[in-house]
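Could you walk me through this structure, one selection at a time? I have it open in my viewer and would like to know what to click on next.

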Amino acid sequence: MAGTQYRGSEIVDVDQFLNDADGLVSEREKEIGQHIGYRYDVNLVPDYNRITPFLSKYMEVMGWDDLNWLEDVHMGYEEGAPAVFDRNNNGWVRIPNTIELPDNQQDRDMIARELLIKFQMSDRHPLSDLRKAYMKF
Amino acid sequence: MASVSDAELKQMSQEERVTALGMRTEQLTGKSLHIEFDPDAEERFTYPWAPEVDFNKRTEIDTVDMTTTEVNGRIRELMAEGYGTIVLQNPRGKHSLGVGILSKLNLIIEGSTGYFGVGLIDGPNIRINGRVGWSCGENMMSGTVMIEKNAGSTFGAAIRGGDLVCRGSVGSRTGIDMKGGTIIVGGDTGALSGFMMQRGRMVVCGNAGKNLGDSMYDGTIYVGGDIKSCGVDAVEAELTNLDKAWLTRKLTQYGLMPEKGVDHFTKIVAGKQLWNYDNLEPSEKKLIL
C-alpha cells in the first residue's frame with residue numbers, strides 16, 4: 001500500500017481478512033481492538049488485461065473507453081465475508097459463497113464490478129423503492 | 001415488503017407511498033444491510049427507470065433565449081423521446097447547464113458555461129467546446145466530461161466517479177474533497193489542488209501550484225511538470241509499472257499523452273499522518289463506533 005507511515009498494519013495477503021476478520025496486527029490495533037485503515041488498497045488502478053466480457057459490453061453500451069467510475073470499485077470485506085461497497089445505498093453487499101474467488105485482487109475487483117453493476121441496475125436495489133417513494137419529478 | 005403495483009403507487013400521496021413500501025416499518029439491523037448479490041441476476045447496463053436513448057438520434061437546442069431551468073428541462077424531455085445526442089448552441093456562460101443527468105447521453109455544448117456546469121451527473125458523455133466557470137463537474141458520479149479550453153477554480157469539487165478532463169489549465173483547489181473518479185488537466189493547476197482529497201486520481205500534465213494535496217487522506221496525484229510545494233501530509237511515492245500503464249492508457253484516450261511518455265511523472269500520495277482517529281483512548285473510540 002502506498003503511503004504506509006500510518007499506524008495500521010500492512011496488507012500482506014489477498015485472503016488476510018477472510019482468514020482473520022479482525023485483522024489486528026500492529027500494537028495500536030490490538031490496543032484499540034480495530035484494524036486501522038482500509039482492508040484493501042483503494043488506490044489500486046485496474047489491470048485492463050483482466051477485464052471481463054460483461055464489463056467490456058457495459059463500456060460499449062455507455063460509450064466509454066474504459067471502466068470509468070468502476071475504477072474505484074474493489075472487492076473488500078465485511079465481517080469476514082467478501083463484499084463490495086455500494087455507494088448508491090451506502091452499505092456493503094456480500095458476495096455469495098457459491099462464487100469462487102480468484103487468488104488475486106485484480107480478478108476479484110473485476111468480479112466485484114460486474115456484480116455491482118448487475119445489482120445496481122436491478123429492481124432489487126433499494127434505490128428502486130426509494131425512487132418510487134420519494135421521486136418528485 | 002408489501003407488494004404494491006406501480007399503478008397503485010401513482011394514486012397515493014408521498015406519505016402513503018413511503019408507508020406502503022415498508023420504509024417506516026422495517027427495522028434497521030445495525031451498520032450492515034446484510035444484502036447479498038444474486039449470482040443469477042439479469043444482465044442490465046442501465047437503471048430500470050433510465051430512458052432508452054439512441055446515440056445516433058441527434059438534435060440541437062438553441063439556448064439563447066432560454067433560462068437554465070428551461071434548458072435542463074428540455075434536455076430531459078428530449079431524452080425521454082429517445083434522443084441520445086443533444087447539442088446546446090449559444091450557452092453564453094449560463095450557470096448550472098446540464099446538471100443532474102442520470103443516464104447515458106452524448107451532450108455537446110458549443111461555447112462556454114458559467115458556474116457549476118454539468119454537476120451531479122451519473123453516466124453521460126459531455127464535451128464543452130469552450131471554457132467553464134467555477135466548480136465544473138461538481139459531485140459528478142460517473143461519465144466523461146471533456147473541456148476544450150480552460151476551467152475555473154474548484155474544478156471537480158467533491159467528484160465521486162467518472163473522468164473529468166480539461167485540455168487547458170485550471171484554477172486553484174482542483175479536486176477539493178474528491179472521493180473518487182479521475183481528474184485530468186492538460187495544462188497547469190493552481191494552489192491547493194487535491195485539498196482534503198479522500199480517494200480517486202488526479203493527473204496534471206503541466207505544473208502544480210503550492211500546497212498540492214494539502215491534508216489529503218487518500219487517493220493519488222500524478223504531476224508531469226514542476227510542483228511548487230506539497231501540502232501537509234502529501235508525500236512522494238514510487239511510480240509503479242501499473243501506474244505507468246494506467247497513465248498511458250488514460251492520457252492516450254483523451255489525446256493528452258506527452259511526447260516523452262509518462263516516466264517523468266511524479267506520484268503524490270497521503271503520508272497518512274493525519275489518520276488521527278486512532279489517537280483516541282480505546283474507551284472513547286468504542287463509544288464513537
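## Stop 1: chain A

Select chain A and follow its sequence from start to end: the pattern you meet is α-α-α-β-β-β-α-α. That makes five helices and three strands. Keep in mind as you look around that this is a predicted model.

Now show just the C-alpha trace of chain A, which spans about 50 × 40 × 30 Å along its principal axes. Chain A has 137 residues, and 35% of them are buried. If you take the contacts in chain A between residues at least 6 apart in sequence, 59% of them join residues at least 24 apart.

## Stop 2: two crossing helices in chain A

Next, select residues 53–62 of chain A, helix α3, together with residues 105–120 of chain A, helix α4. How do these two helices cross? Their axes come within 9 Å, at an angle of roughly 55°. The angle falls outside the ranges for roughly parallel, antiparallel or perpendicular, so α3(A) counts as oblique to α4(A). The crossing of this pair is left-handed.

Show the side chains at the contact: α3(A) brings F54(A), L55(A) and Y58(A), while α4(A) brings M110(A), R113(A), E114(A) and I117(A). Sorted by class, the residues of this contact are five nonpolar and two charged, with no polar ones.

## Stop 3: where the chains meet

Turn on both chains and colour the residues that touch across the boundary. Chain B gives 59 residues to the contact and chain A gives 53. On the side of chain B, the largest share comes from its helix α4 (residues 241–253), with five residues. That side of chain B has 23 nonpolar, 20 polar and 16 charged residues.

There is strand pairing between the chains as well. Select strand β3 of chain A (residues 91–94) and strand β1 of chain B (residues 35–36): they pair in the parallel sense over two bridges. For R94(A), the bridge partner in β1(B) is E36(B).

## Stop 4: the sheet of chain B

Hide chain A and look at the strands of chain B. An open sheet of 11 strands runs in the order β2-β3-β4-β5-β6-β7-β8-β9-β10-β12-β11, and its pairing is mixed. Which strands stand at the edges? They are β2 (54–62) and β11 (234–237) of chain B; each has a single partner strand, so one side of each is left without a neighbour in the sheet. On average, neighbouring strands of the sheet are turned by 15° against each other, direction ignored.

Add residues 68–80 of chain B, helix α3, which packs on the sheet and touches β2 and β3 of chain B. The direction of this helix makes about 155° with that of β3(B).

## Stop 5: zoom in on strand β4

Select residues 106–110 of chain B, strand β4. The covered face of this strand carries L107(B) and I109(B), and the uncovered face carries N106(B), I108(B) and E110(B).

Now bring in the two neighbours of β4(B):

- Strand β3(B), residues 83–89, runs parallel to β4(B) and is joined to it by five bridges. Here L88(B) has I109(B) as its bridge partner.
- Strand β5(B), residues 122–128, also pairs with β4(B) in the parallel sense, over four bridges. In β5(B), I128(B) stands opposite I109(B).

For a last look, select β7 (residues 163–166) and β8 (residues 179–185) of chain B, a parallel pair joined by four bridges. Within this pair, C166(B) is partnered with V185(B).

Methods: Residues are numbered from 1 along each chain as its sequence is written. Chains are lettered from A and ligands numbered from 1 in the order in which they are written. This is a predicted model: local features need pLDDT of at least 70, side-chain atom pairs count only at pLDDT 80 or more; totals for chains, interfaces and linings use all residues. A residue is buried if 20 or more other C-beta atoms lie within 10 Å of its own, exposed if 12 or fewer, and partly exposed in between; C-beta atoms are placed from the backbone. Two strands pair if DSSP finds at least two bridges between them. Axes are lines fitted to C-alpha atoms, for helices over the stretch in contact, and angles run from 0 to 180 degrees between N-to-C directions. Angles under 35 degrees count as roughly parallel, over 145 as roughly antiparallel, 65 to 115 as roughly perpendicular and the rest as oblique. A crossing is left-handed if the near helix is turned anticlockwise from the far one by less than a right angle, and right-handed if clockwise. Two residues are in contact if their C-beta atoms, placed from the backbone, lie within 7 Å. Ala, Val, Leu, Ile, Met, Phe, Trp, Tyr, Cys and Pro count as nonpolar, Asp, Glu, Lys and Arg as charged, and the others, Gly among them, as polar.
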